[in-house]
Amino acid sequence: MTDPTIEFTRAITRRPSASITSGLRAMDIGAPDLEQMQRDHGAYVATLRETGAKIVELPALDAYPDSVFVEDTALCLPQGAIMMRPGAASRAGEVAEMRPAIEDHFDNVLEMQGPGFVEGGDILVTSQEILVGRSERTDAQGVAELKDLVGTWGYTLREVHTPKGVLHFKTDCSLLDGNTILSTQRLDASGCFEGYRVLHTALGEEAAANSIRFNQFVLMPAGFPKTAATLRGHGFEVREINNSECAKLDGGMSCLSLRF
Ligand code: CIR
């Protein structure tokens with residue numbers, strides 16, 4: 001039996017645009033280097049493809065500096081897709097840009113109407129439920145609307161909280177298998193993963209938490225050896241991808257694809 005939370009046949013990505021240097025960031029630690037980001041993005045796409053999945057690469061969108069972070073525009077589930085309402089005003093237009101690619105793959109496409117907001121980075125789909133973290137980008141009204149939408153497909157949605165100062169819920173966690181979560185200690189301490197098996201990122205390696213399980217691989221940002229060793233010790237096949245440029249814009253492995 002397939003597990004739709006970790007087994008995927010397709011993913012949608014978008015190439016980074018030259019305007020990426022104007023991407024949103026919580027703290028300015030320097031502009032990302034476009035050429036390095038293109039190389040990293042290429043390695044990311046190649047790794048997804050190596051699993052046998054079909055990977056769509058959408059063209060760069062200069063009008064939207066953050067549009068490489070496609071995850072925030074939609075929630076993809078086996079029953080259909082839901083177009084999000086990003087809480088960052090500069091990113092709102094990315095949703096309409098993504099919709100045709102979603103319609104190519106899904107017969108059933110819903111769209112959040114508002115007034116609330118949800119960004120895909122705040123959504124973690126496990127084999128039991130959908131966790132949505134309220135954050136600076138995802139508000140209570142958005143969570144309530146999304147709960148109704150996924151409820152019609154039989155999902156239980158649980159509202160949780162993204163730690164203060166952390167961009168998205170999945171900045172601090174990722175799903176390793178249907179019931180196993182990689183989390184920072186600070187997020188796990190909130191108690192939101194009770195009942196799950198939780199592996200912690202090593203102290204000082206919190207940025208490793210934004211990883212993804214995609215078929216046989218766990219794609220992890222490079223440079224977090226202790227956490228990589230923990231995952232390998234638990235039998236996961238880890239692929240490390242350089243993430244130095246996306247990290248300057250608070251992005252990691254999950255943001256770069258929509259997986260289904
Ligand atoms: C932003 O602030 O919206 C982008 N610079 C980063 C988005 C990262 N997305 C994600 O983690 N899902």
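**Ligand site, pockets and cavities**

Let me start with His168. An N or O atom in the His168 side chain is 3.2 Å from an oxygen atom of the ligand. Before I go on, a caveat: this is a predicted model.

How much of the ligand does the protein bury? Taken alone, the ligand exposes 350 Å², and the protein buries 99% of that.

Two backbone contacts come next. At Leu24, a backbone N or O atom lies 2.9 Å from a nitrogen atom of the ligand. At Leu249, a backbone N or O atom is 2.8 Å from a nitrogen atom of the ligand. So the side chain of His168 reaches a ligand oxygen within the 3.5 Å limit for a polar contact, and the backbone at Leu24 reaches a ligand nitrogen.

Now the shell. There are 13 residues around the ligand. Which of them come nearest? Leu24, Asp66, Asp72, Arg137 and Leu249 do. Look at the classes too. The shell has six charged residues, five nonpolar and two polar.

Where does the ligand sit? The ligand is in the largest pocket. That pocket holds about 940 Å³ of space. Its lining runs to 42 residues, and the closest to the centre are Gly165, Val166, Leu167, Thr171 and Asp250. Split by class, the lining of the largest pocket has 15 nonpolar, 14 charged and 13 polar residues.

On to the second largest pocket. Its volume is about 710 Å³. Here the lining has 38 residues, with Pro4, Thr5, Phe8, Cys76 and Arg259 nearest the centre of the second largest pocket. Several strands give two or more residues to this lining: strand 3 (74-77), strand 6 (123-125), strand 9 (173-177), strand 12 (212-214) and strand 15 (258-259). Which element gives the largest share? Strand 3 does, with four residues. By class, the second largest pocket is lined by 18 nonpolar, twelve polar and eight charged residues.

Next, closed space. Rolling a probe the size of a water molecule over the atoms shows where empty space is left. How many cavities of 30 Å³ or more does a search of the whole structure find? Two.

Take the largest cavity. Its space comes to about 50 Å³. The lining includes Met37, Asp40, His41 and Tyr44. Ile241, Asn242, Asn243, Cys246, Met253 and Leu256 line the largest cavity as well. Helix 1 (residues 34-50) gives the most to this lining, with four residues. The classes are six nonpolar, three polar and one charged.

The second largest cavity has about 30 Å³ of space. Its lining is Arg14, Leu61, Ser67, Val70, Thr73, Glu94, Glu97 and Met98. Helix 2 (residues 94-105) supplies the largest share, three residues. Three residues of this lining are nonpolar, three are charged and two are polar.

Last, two backbone details. Gly114 and Pro115 are joined by a cis peptide bond, with omega about 15°. Pro115 is in the loop between strand 5 (109-111) and strand 6. Strand 6 also came up earlier, in the lining of the second largest pocket. Then there is Asn215. This residue is not a glycine, yet its phi is positive, about 55°. Asn215 is found in the loop between strand 12 and strand 13 (217-221). Strand 12 also gives residues to the lining of the second largest pocket.

To recap the site: the ligand is in the largest pocket, and the protein buries 99% of its 350 Å². Questions, please.

Key
Residues are numbered from 1 along each chain as its sequence is written. This is a predicted model: local features need pLDDT of at least 70, side-chain atom pairs count only at pLDDT 80 or more; totals for chains, interfaces and linings use all residues. Side-chain values use heavy atoms; hydrogens and water are left out. A residue is near a molecule or strand if one of its heavy atoms lies within 4 Å of it. A polar contact is a pair of N or O atoms within 3.5 Å; within protein, one must be able to donate a hydrogen and the other to accept it, and residues adjacent in sequence count only if both atoms are side-chain atoms. Accessible areas come from the Shrake-Rupley method with a 1.4 Å probe; for residues, only the protein chains shown count as cover. On a 1 Å grid over the protein atoms alone, a cavity is a set of points where a 1.4 Å probe fits but cannot get out, and a pocket is an open set with protein on both sides within 12 Å along at least five of seven lines; lining residues have an atom within 4 Å of a point. A molecule sits in a cavity or pocket if more than half of its atoms lie within 2 Å of its grid points. Ala, Val, Leu, Ile, Met, Phe, Trp, Tyr, Cys and Pro count as nonpolar, Asp, Glu, Lys and Arg as charged, and the others, Gly among them, as polar. Grid points are joined across faces, edges and corners, and a volume is the space filled by probe spheres set on the points.
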